[in-house]
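Welcome to the tour. Please open your viewer and keep the selection panel within reach, and we will go from stop to stop together.

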Amino acid sequence: MFERFTDSARGVVYGAIEHSRRAGDARVEGEHMLAALLDAQGTQASVALATLGFVASRDEFERGLARARRRGGMSQADEAALADLGIDVGEIVARVEQAHGEGALAVGRRRRRLWPFGGRTGHVPFAPGAKKVLEQSLRESVARGQRHIGDEHILLALTACSGVVADLLAEHGVTHTAVLRALAPTAQAG
């Protein structure tokens, strides 16, 4: 599948790996892929994000991730499903933090394991959610009758795969439908 990736899509994948490494995370997550997309300039995805007015600063992005980690990494859909069962996640977080301190439920970053001599293996695996995004990017490409996978397909996949990253994007109006509309002029031109 990687042979279908355009240079910009490969840049997102390599950028996500680098973001994961810099953070010391054990694996590449969707948040690393979004961070790499935000780094890109002049690509179809960056143009679509700009068209949608998505100008979230890195700090705003990090605050959104921190909020999600604080609720145990739960997506808004998960939180809504629990609310339907009468479970108030905000109340649970507040009570646990009252008893155990702020951030007690925060999803911790798993550090990569060091080899006995202190070096790292160099390989950073993709988490199941990140693999799902890459698979969905292929589906997005095929659905449009395209033979390549570009960074725009990765952006579409991030909006299509439920979870914290999709929630953060949706908070800023970056939904699957909105991205499709923003990409429509570039798809007709290209």
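Does E140 count as buried or exposed? Before you check, keep in mind that you are looking at a predicted model. Now select E140: its relative accessibility is 4%, so it counts as buried.

**Stop one: around E140**

Show the neighbours next. Leaving out residues up to four places away in sequence, E140 touches H153, L156, A157, A160 and H176. Then widen the selection to residues 128-143, which form helix α7, the home of E140.

**Stop two: along and around α7**

Try the distance tool on the end C-alpha atoms of α7, which lie 22 Å apart. That agrees with expectation, because 16 residues at 1.5 Å a residue should span 22 Å.

Next, colour the buried residues of α7: A130, V133, L134, Q136, S137, E140 and S141. They sit on the same side of α7, because they cover an arc of only 165 degrees around the axis. Some background helps when you look down a helix: an α-helix has 3.6 residues a turn, so residues three or four places apart point the same way.

Turn the view to the face of α7 away from its buried side, and you will find the exposed residues P128, V142 and A143 there. Step just past α7 to reach G145, where phi is positive, at about 70 degrees.

**Stop three: E135**

Go back into helix α7 and pick E135. With a relative accessibility of 41%, E135 counts as partly exposed, since the partly exposed class runs between 20% and 50%. Add I154 to the selection: the two residues are 19 apart along the chain, and their C-alpha atoms are separated by 9.3 Å.

**Stop four: the cavity**

Where is empty space left? Rolling a probe the size of a water molecule over the atoms shows this. In this structure there is one cavity of 30 Å³ or more. The largest cavity has a volume of about 50 Å³.

To see what surrounds the largest cavity, select its lining: G64, R67, A68, R71, Q76, V164, D167, L168 and E171. Two elements, α4 (58-70) and α9 (164-171), each give two or more residues to this lining. Which of the elements gives the most to the lining of the largest cavity? Colour by helix and you will see that α9 does, with four residues.

For a last view, colour the lining of the largest cavity by residue class: three residues are nonpolar, two are polar and four are charged.

Terms used: Residues numbered from 1 in each chain as written. Predicted model: local features only at pLDDT ≥ 70, side-chain atom pairs only at ≥ 80, totals over all residues. Heavy atoms only, no water. 1 Å grid on protein atoms, 1.4 Å probe; cavity = no way out; pocket = protein on both sides within 12 Å on 5 of 7 lines; lining within 4 Å. Points joined across faces, edges and corners; volume = space filled by probe spheres on them. Nonpolar A, V, L, I, M, F, W, Y, C, P; charged D, E, K, R; others polar. Buried < 20%, exposed > 50% of the residue type's maximum accessible area, 1.4 Å probe, protein only. Contact = heavy atoms within 4.5 Å. Expected span 1.5 Å × (residues − 1). Arc of directions from axis to C-beta.
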